[in-house]
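This briefing concerns the overall build of a single chain, its aromatic pairs and one position in its core elements. Please consult the sequence and the structure shown here alongside the text.

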Amino acid sequence: MSECSVLIGGKAGAGINLAGQTIARIFSHLGYYAYMYYDYPSLIRGGHNFSVIRAGTHPIGARRSGIDILLAMDQTTLRRHQNDCKRDALIIYNSDIITSDTGSGIPLKSIVETNEGSTVMGNTAMIGALAFALGMEWEDIASVIAHEMPKFTEKNLHIARDAFRMQTEKKVLPRHAQPPGILISGNEAVGLGLLSAGLDGYIAYPMSPSTGILHFMAGASAETGIQVFQPESEIAVITMAEGMVYAGAKTAVGTSGGGFCLMTEALSMAGMAEIPITIVLAQRSGPSTGTPTYTAQSDLHFAIHAGHGEFPRFVVAPGDAQQAVEWAGHALSLSWQFQVPSILMTDKTLSEGIYTVAPELFPTHPPVSLPSGKSDAYLRYRNTEDGISPYASPPLSGSVVKGNSKSHDERGISVDDGMGIAAMTKKQMRKLPLMAETVSRLNPVQISGNREADRCLIAWGSNAPLCREAAGIVGITFVQPIVLHPFPEQEMREATRNSRMTFLLEDNYSGQLADICEAHGIPVDIRLPRFDGRPFTLDQLMEDLWGLVE
């Protein structure tokens, strides 16, 4: 095999996510790029969870339909996923609780009980059996287990070794020389990107699928010195964060759709007071609570237009972990450069997916140079030619640094006269041309595949790696706008200029990016929507594309 897809499934609370991450680590140890998708219902216990881990010799960020190895922790997994297996797939199942005429049975429960382990350690036994099936030496899998399971390491090693010895069938995956990179989740990548741009504080109320950023930041706080807080609500989150920004601290917040709804009044305050706040909006299915553990891309129009009144903002949407590192840093830096809010859009697929990223591709972001606030008469909202006023945080000797959410003059004093209101509105909107110009220098539109083809596929967010791979196989152009507002119209026109037929794939019903493209004169011939909360697989998309291009 040059590529391998493994599915491990079981009940919620049985450690399926951690088991999937460990399998991804195994693939990395064998020298492969890895990608993991984790599927779970909104239940603490019970239900059915599964992780799909794909390994390949090239960068990947999407799963295939066919399973090479099925690891069934319970009968439900075997029943639900046996038909997803390839004809020559290897099935390893928990013979203590599963009855099957095919596959390789390993008594996981008995192995765990013999070693006096906890129930969740059945996953460790299954990983031991998988390692043998892949053709690994015991010393190699032992090092992976020791790294991934720092608690009760010796017990886990004994359990894994027992299963390793019992497994007999193999589906060998050849080993390559070196791991191609490090494994991180999309949420961890966002956190690293924010830190690379000089983040001072992160504030969030737990809301999937953004919660992983909060956990990552809390874990990194001692090493980095950043301040991490979990207030009582999303309203408290953003208002507290804006207070930190006023005091001069680069601060970001994280949430999902329902929490972002609650933040919109304070988002408008940031627009009026020119507070550079960065909001990570990790999308999930809606409306309302919807299906909170599944994915969607249905908040794009909302992010661009959220809040009452008009004010400049950035909206960016990275597609994979590497882009998440880069553009989280850009989002924070752009906010402070222009003193406007920035919204970084992810989704469940990206936030909780696991990706291989080459270490040399991690960018660094130099500190933002801000216009100095020191002058004889400090004007927080000085009416400058480019709309960007001198910045200062308190204390400033001899001056009061005002942050006013009401219509105000250059000094920050509230005004009601028409001329004063119009002057400050024009000042803010003068930032827009420079914002667009600055974004254009950051390569806001990625192009791959066959650039000379007369068929073009457009996608945004987490669908990018899927579409990039599919377009390369089918032989068409793939275009990914990363910046969605201000919309990179010129770059998108250039990217699609050869296309006689354009397809646009996104995870929403109405085709929100398609609407935006057509509003800027970029025609979309065929919309490819998905709105069931599940991401496309590579096979599904390629089948659709072959039918369209032939």
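Of the 550 residues in the chain, 57% are buried. The model is a predicted one. Its secondary structure comprises 19 helices and 20 strands.

**Overall dimensions and packing**

- The radius of gyration is 25 Å, which agrees with the value near 24 Å that a compact globule of 550 residues would have.
- The C-alpha trace spans about 80 × 55 × 40 Å along the principal axes of the chain.
- Among contacts with a separation of 6 or more, 72% join residues that are 24 or more positions apart.

**Surface and charge**

- About 22,000 Å² of the chain is exposed, and carbon and sulfur atoms supply 52% of this area.
- The chain carries 42 positive and 56 negative charges, and the mean positions of the two sets are 1 Å apart.

**Aromatic pairs**

- The count of aromatic pairs comes to eight.
- One of them joins tyrosine 38 and tyrosine 40: their ring centres are 4.7 Å apart and their planes meet at 25 degrees, under the limit of 30 degrees, so the pair is stacked.
- Tyrosine 38 has a relative accessible area of 11% and is therefore buried, the cut-off being under 20%.
- Tyrosine 40, at 14% relative accessibility, likewise counts as buried.
- Tyrosine 509 and phenylalanine 531 have ring centres 5.0 Å apart and planes at 70 degrees, so this pair is edge-to-face.
- Tyrosine 509 belongs to the loop between β19 (501–506) and α18 (512–519), and phenylalanine 531 to the loop between β20 (526–529) and α19 (538–549), so their pairing ties together parts that are 22 residues apart in sequence.
- Both tyrosine 509 and phenylalanine 531 are exposed.
- Phe132, Trp138 and Phe164 form one aromatic cluster.

**Surroundings of valine 315**

- Valine 315 is placed in strand β12, which covers residues 314–316.
- With a relative accessibility of 0%, valine 315 counts as buried.
- Leaving aside residues up to four places away in sequence, valine 315 touches Ala303, Ile304, Ile343, Met345, Ile482, Val483, Leu484 and His485.
- Between valine 315 and leucine 484 the C-alpha to C-alpha distance is 5.5 Å, although 169 residues separate them in sequence.

Conventions:
Residues numbered from 1 in each chain as written. Predicted model: local features only at pLDDT ≥ 70, side-chain atom pairs only at ≥ 80, totals over all residues. Heavy atoms only, no water. Helix = DSSP H or I, 4+ residues; strand = E, 2+ residues; numbered from the N terminus. Rg over C-alpha atoms; globule rule 2.2 N^0.38 Å. Buried < 20%, exposed > 50% of the residue type's maximum accessible area, 1.4 Å probe, protein only. Contact = heavy atoms within 4.5 Å. Areas by Shrake-Rupley, 256 points an atom, 1.4 Å probe, with all protein chains shown as cover. Lys, Arg positive; Asp, Glu negative; His and termini not counted. Charge placed at Lys NZ, Arg CZ, Asp CG, Glu CD. Phe/Tyr/Trp six-rings, centres within 6.5 Å; stacked < 30°, edge-to-face > 60°.
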